[in-house]
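Reader: Please take me closely through one part of this model, beginning with a single loop residue and moving on to the helix packing. I would like each term to come with its cut-offs.

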Amino acid sequence: MPPEQLDATFAALADPTRRAILARLASGEASVNELAAPFAMSQPAISKHLKVLERAGLISRGRDAQRRPRRLEAKPLAEATEWLENYRRVLEGNFQRLDALLDRMKIKGNKRERRKRDIGDHQ
């Protein structure tokens, strides 16, 4: 994924109104009026949000007679998820190594405690 596309995707996702629009479109295409209905904002404001989402490639505009329904486009979200997944794998590996180290330290600590008890019992 080109860095500009990734930037556009995350910038579009940064706004709660745009995330809500995407959540609505996940259940099927919708007109601008249908998308605007749950929000207390003007239609031009909703249109600006839709333009940001369109520029990011997260939604597309269809044509159904006079209607121009918007629909969710999965590819940019899948690419952003893949990008994030790479970091999740790296971090998961780090946590697994940390867990293994802590387990080894715990075992060594338990052995030391037993030795101290054994030495104390013999004195």
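Author: A residue counts as buried under 20% relative accessible area, exposed over 50% and partly exposed in between (1.4 Å probe, protein chains only). The model is predicted, so local features need pLDDT (the predictor's confidence in each residue, from 0 to 100) of at least 70, side-chain atom pairs count only at pLDDT 80 or more, and totals for chains, interfaces and linings use all residues. Residues are numbered from 1 along each chain as its sequence is written, and side-chain values use heavy atoms, with hydrogens and water left out.

With a relative accessible area of 31%, Arg67 is partly exposed; it lies in the loop that joins strand 1 (59-61) to strand 2 (70-72), helices (H or I, at least four residues) and strands (E, at least two) being DSSP runs numbered from the N terminus. Beyond its neighbours within four places in sequence, Arg67 is in contact (heavy atoms within 4.5 Å) with Glu29, Ala30, Ser31, Glu34 and Gly62. Of these partners, Ala30 is 37 residues away from Arg67 in sequence, yet their C-alpha atoms are 9.4 Å apart.

Turning to the helices, helix 2 (residues 16-25) and helix 4 (residues 43-55) have axes that come within 10 Å and cross at roughly 75°, and the two are therefore roughly perpendicular (65 to 115 degrees) to each other. At their meeting, helix 2 supplies Thr17, Arg18, Ile21 and Leu22, while helix 4 supplies Ile46, His49, Leu50, Val52 and Leu53. Leu53, leaving out residues up to four places away in sequence, touches Ala12, Arg18, Ile21, Leu22, Leu58 and Ile59.

As for confidence, the protein chain averages a pLDDT of 89, and 97% of the residues score at least 70.

Note on methods:
Axes fitted to C-alpha atoms, helices over the stretch in contact; angles between N-to-C directions. Parallel < 35°, antiparallel > 145°, perpendicular 65-115°, else oblique.
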